[in-house]
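Reader: I'm new to this and keep tripping over the labels people put on structures. Could you walk me through how such labels are earned?

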Amino acid sequence: MSFLRMEDLDLAGRRVLIREDFNVPVEAGTVTSDQRIVAALPTIELALEREAAVILMSHLGRPVEGEFDPKFSMAPVAECLAGHLGREVRLVSDWLDGVDVEPGQVVLCENVRFNAGEKKNDESLARRMAALCDIFVMDAFGTAHRAQASTEGVVRFAPVACAGPLLANELNALEQALDDPERPLLAIVGGAKVSTKLTVLEALLERTDQLIVGGGIANTFIAATGHEVGKSLYEPDLIDQAQRLIRLAHRKGGDIPIPKDLMVATEFAPDAPAYVRKLDEVQPNEMILDIGPLTSADYADIIWNAGTVLWNGPVGVFEFKHFAGGTRSVAEAIENSKAFSIAGGGDTLAAISQFDVAEGVSYISTGGGAFLEYVEGKKLPAVAMLEQRARDYNA
Ligand code: ADP
Ligand code: MG
């Protein structure tokens, strides 16, 4: 990927505007998980070391666009960030006409979504953002798949636009996993529904050596191969698609494995008792909520033998204690495998933290939607524009 990088530019005395992903959970005016803020610190500290005047912006939540709403104010973020940086972080509410900031200072702009035109990537709004700075740094991977004023738009119009270290690292890791992977390349796609991940499954079938499906998605594949799924979550109208994907896998000389044993319950409840069933033993009144121990062992074997593992989506209802075993086994196999591993997705990250395996995952992607779109082979608009700007810059 060829874009300018923040590390390579002279930042001294420049107004550097950084698009962050500070979309963090806030309760009663306090940030309750500061993971994303902590992840942004190295970029901000580097800009300060290089004597830049630092302006930060981000969205937070989903306010009604164009209206100030104290519920979605960045004030808690400013406070949390100031604590980490050990210096003042001034919050500015009126920032579109210019921001007062000196080299060595940090200011945080109020929620970008308070501005009308943000989501539809309004050109005049993007131009006003671009006019705030000498150098724009895109460092929010999680928003790079959205062409909005504070992402793609500002990249287009800023005097100079570059990638920040956080974004560049994330793209490097994805490139390593997908474009030039250590083989065999294994993908595990779990989660609730085939319909939300059909294009991902399709793209991965093309690119990987082995695809494993899990969760509600696997239930649709179980039904597609003619087995009883009882009251399980599955999508009858996607059986055709599942059969087509299985045929595609066969044509490539591979297979999409169907679990040989499963954990079932008769009700969907956190403390529902679990029963082990062979694939052909599931009853009409039962629902499949996890893979069974034999299948867990098979999948762990496949993971240990992989060169690269890409993981999105739990293979069971890991939120219920009796149905967390399959996802725990996948997570621990990835943790202990020598493979280069990359994981992404909201619930996948929750599972990684629940099973405490983060140390053993080579790269944890922070952007759910952006991660899936990258995996699908789509160009992320903000990244495409960074590349375009680099071509113009070098021409
Ligand atoms: P991610 O956010 O990592 O992309 P998804 O949102 O696609 O993952 O899916 C996660 C959800 O899928 C979890 O809440 C989990 O409980 C649910 N799930 C997994 N397996 C099953 C199953 N067999 N039946 C019903 N829900 C399931
Ligand atoms: Mg999810």
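Reader: Which residues come nearest to ligand 1?
Author: This is a predicted model, and in it K197, I288, E319, D347 and T348 come nearest, out of 19 residues around ligand 1.

Reader: What makes the link between K197 and ligand 1 a polar contact?
Author: A polar contact needs a pair of N or O atoms within 3.5 Å. K197 has a polar side-chain atom 2.8 Å from an oxygen atom of ligand 1, so the pair fits the cut-off. N312 passes too, with a polar side-chain atom 3.1 Å from a ligand oxygen. For D347, a side-chain N or O atom sits 2.9 Å from an oxygen of ligand 1, which also qualifies.

Reader: How much of ligand 1 does the protein cover?
Author: On its own, ligand 1 has 580 Å² of accessible area, and the protein covers 84% of that.

Reader: Which helices and strands each supply at least two residues of the shell?
Author: Those are α7 (215-224), β13 (287-291) and α11 (346-354). Sorted by class, the shell holds 10 polar, six nonpolar and three charged residues.

Reader: Now the cysteines. How do you know that C133 is in no disulfide?
Author: A search of the whole structure turns up zero disulfides. For C133, the nearest cysteine sulfur belongs to C162, 9.4 Å away. A disulfide is a covalent bond between the sulfur atoms of two cysteines. To count as one, the sulfurs must lie within 2.5 Å, so 9.4 Å is too far for a bond.

Reader: Why is C133 called buried?
Author: Buried means under 20% relative accessible area. C133 has 2%, so the label fits. C162 is at 0%, so C162 is buried as well.

Reader: How many aromatic pairs are there, and what makes F68 and F114 edge-to-face?
Author: The search of the whole structure finds two aromatic pairs. In the pair of F68 and F114, the ring centres are 5.2 Å apart and the planes are at 65°. Centres within 6.5 Å make a pair, and planes over 60 degrees apart make it edge-to-face, so both labels hold.

Reader: Where in the chain are these two?
Author: F68 is in the loop between β4 (53-57) and α2 (75-85), while F114 is in the loop between β6 (106-109) and α3 (123-130). They are 46 residues apart, so the pair links distant parts of the chain.

Reader: Are F68 and F114 buried or exposed?
Author: Exposed means over 50%, and F68 has 53%, so F68 is exposed. F114 has 11%, which is under 20%, so F114 is buried.

Note on methods. Residues numbered from 1 in each chain as written. Chains lettered and ligands numbered in written order. Predicted model: local features only at pLDDT ≥ 70, side-chain atom pairs only at ≥ 80, totals over all residues. Heavy atoms only, no water. Buried < 20%, exposed > 50% of the residue type's maximum accessible area, 1.4 Å probe, protein only. Near = heavy atom within 4 Å. Polar contact = N/O pair within 3.5 Å; in protein donor to acceptor, adjacent residues only side chain to side chain. Areas by Shrake-Rupley, 256 points an atom, 1.4 Å probe, with all protein chains shown as cover. Helix = DSSP H or I, 4+ residues; strand = E, 2+ residues; numbered from the N terminus. Nonpolar A, V, L, I, M, F, W, Y, C, P; charged D, E, K, R; others polar. Phe/Tyr/Trp six-rings, centres within 6.5 Å; stacked < 30°, edge-to-face > 60°.
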